[in-house]
Amino acid sequence: MRQLRTAVIGLGRVGWQFHVPQVIKHEGFSLVAVVDPLDERLAEAQATFGPGLQEPLRTYRDHLTMLGETRPDLVVICSPTRFHAEQALAAFAHGCDVFCDKPMAPTLAEADTMIVAARDAGRKLMVYQPHRAMVEVVALQDILRRGILGPVYMMKRARSAFTRRNDWQALRKYGGGMLNNYGAHFIDQLLYLAGSRAKRVSCALRTIASLGDADDVVKAVIETENDIILDLDINMAAAVPLTPWVILGRCGSATLDEGANAWRVRYFCPTDLADISLDESLAAPGRKYTSGETIPWREESFPLANYAPVDFYAKVYEYYALDRAPYVPIAESREVMRVLDACRQDAEG
Ligand SMILES: NC(=O)c1ccc[n+]([C@@H]2O[C@H](COP(=O)([O-])OP(=O)(O)OC[C@H]3O[C@@H](n4cnc5c(N)ncnc54)[C@H](O)[C@@H]3O)[C@@H](O)[C@H]2O)c1
């Protein structure tokens, strides 16, 4: 099996808890270097992962020294967002491929510098967008494939909590804010499910419970080129939970029942409906304003236990080591960045 000599930049929450363990676990990757400005995190990495590695683990306070001395095949960037572009460009200049955590960068313009640099250097670039790989998305794709909802016209997605955020992600100057943070996840997830680019974007941003100046309440409405309305709420100042998922189609709706860990679908078969026609008279018969019909609803439950999430690092290996198509094409990550920029512009304008 081809082994990718891999360096991880940033040993914070996602670097330490997700990327490093995944790199260690998959036999197609060998961890050769880690980068973090904090000495105690480097020492912790050496003590935890150093023993047993094929090649001695090298630890660095800065990415440039690491790139010059180690020249890995693959650089995994999970430092704070403001460093992503600078570190990716340096990696490409040293002949490395890059797997970057989301959001790609604080702005579309910076993301574009990464895409251009990867292309010019002939290197690969993919963004970690884990929410498209979640089991609830895999199950929903199966429901959509069955066609029981009819053509989908709206997807409503909400993430809510009450959090007085006080870390770097609470600050705009560091690329923080919930639009950048969760927005990058959910916009990718919704566009992926819709299978389309965005046509029109509107957005309102507020800072309510956060201690910083970055947004913690996001209300975005995105209309896709294939005419689906994506309605996104990210609300970190909500004392009651918002409904996380509602999918609306012409023949039915689906919602995720988190208690039962299952999608619940209510729908009708078009052939079961009575044959009624439009009445254009200006006096509704019997003074009634509905057709009076009873919809023959059908109900089905789709337990998530019947599905498996996508193994993201298996996809990472397939792309970087086996030259398969990228699981997250860079054009789709750019579209997420374009929509994030459009959300910011609409909210400010
Ligand atoms: N995909 C996901 O599910 C997910 C989850 C959380 C965070 N993220 C993203 O991952 C990135 C890191 O977020 P986090 O929550 O792990 O942050 P964090 O604050 O927990 O950790 C950041 C780490 O980077 C280190 N660091 C700071 N400056 C650095 C530099 N110049 N070079 C290298 N390392 C540096 C810090 O010392 C720290 O160890 C962000 O872009 C964030 O949006 C993604």
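The points below comment on a predicted model of a single chain with a ligand.

1. Overall make-up. The chain contains nine helices and 14 strands, and its C-alpha trace extends over about 85 × 45 × 40 Å along the principal axes. Of the 349 residues in the chain, 37% are buried. Among contacts with a separation of 6 or more, 72% join residues that stand 24 or more positions apart.

2. Domains. The domain assignment divides the chain into domain 1, made of two segments (4-128 + 312-335), and domain 2, which covers 132-308. The C-alpha centres of domain 1 and domain 2 are 32 Å apart, and the contact between them involves nine residues of domain 1 and ten residues of domain 2. On the side of domain 1 that touches domain 2, four residues are nonpolar, one is polar and four are charged.

3. Ligand surroundings. There are 24 residues around the ligand, and those that come nearest are Gly 10, Gly 12, Arg 13, Ser 79 and Asp 101. Helix 1 (residues 13-25) supplies the largest share of this shell, namely three residues. By residue class, the shell around the ligand holds twelve nonpolar, seven polar and five charged residues.

4. Strands 5 and 6. Strand 5 (residues 97-101) runs parallel to strand 6, with which it pairs over four bridges; in one of the bridges between residues, Cys 100 has Val 127 of strand 6 as its partner. The connection from strand 5 to strand 6 passes through helix 5 (residues 108-121), and this β-α-β crossover is right-handed. Within strand 6 (residues 125-128), Leu 125 and Val 127 point one way while Met 126 and Tyr 128 point the other way, and all of these residues are buried.

5. Ala 88 and its contacts. Ala 88 is part of helix 4 (residues 84-93), and this residue counts as buried because 30 C-beta neighbours lie inside 10 Å, where 20 or more are needed. Apart from neighbours within four places in sequence, Ala 88 is in contact with Ile 77, Val 98, Cys 100, Met 114, Ala 117 and Leu 125. Of these partners, Cys 100 also appears in the bridge to Val 127, and Leu 125 is one of the buried residues of strand 6.

6. A separation to set beside those contacts. Ala 88 and Val 137 stand 49 residues apart in sequence, and their C-alpha atoms are 29 Å apart in space.

Definitions and conventions
Residues are numbered from 1 along each chain as its sequence is written. This is a predicted model: local features need pLDDT of at least 70, side-chain atom pairs count only at pLDDT 80 or more; totals for chains, interfaces and linings use all residues. Domain bounds come from an automatic or database domain assignment. Two residues are in contact if their C-beta atoms, placed from the backbone, lie within 7 Å. Ala, Val, Leu, Ile, Met, Phe, Trp, Tyr, Cys and Pro count as nonpolar, Asp, Glu, Lys and Arg as charged, and the others, Gly among them, as polar. A residue is near a molecule or strand if its C-beta atom, placed from the backbone, lies within 6 Å of it. Helices (H or I, at least four residues) and strands (E, at least two) are DSSP runs, numbered from the N terminus. A residue is buried if 20 or more other C-beta atoms lie within 10 Å of its own, exposed if 12 or fewer, and partly exposed in between; C-beta atoms are placed from the backbone. Two strands pair if DSSP finds at least two bridges between them. A crossover is right-handed if, with the strands pointing away from the viewer, the path from the first strand over the helix to the second runs clockwise.
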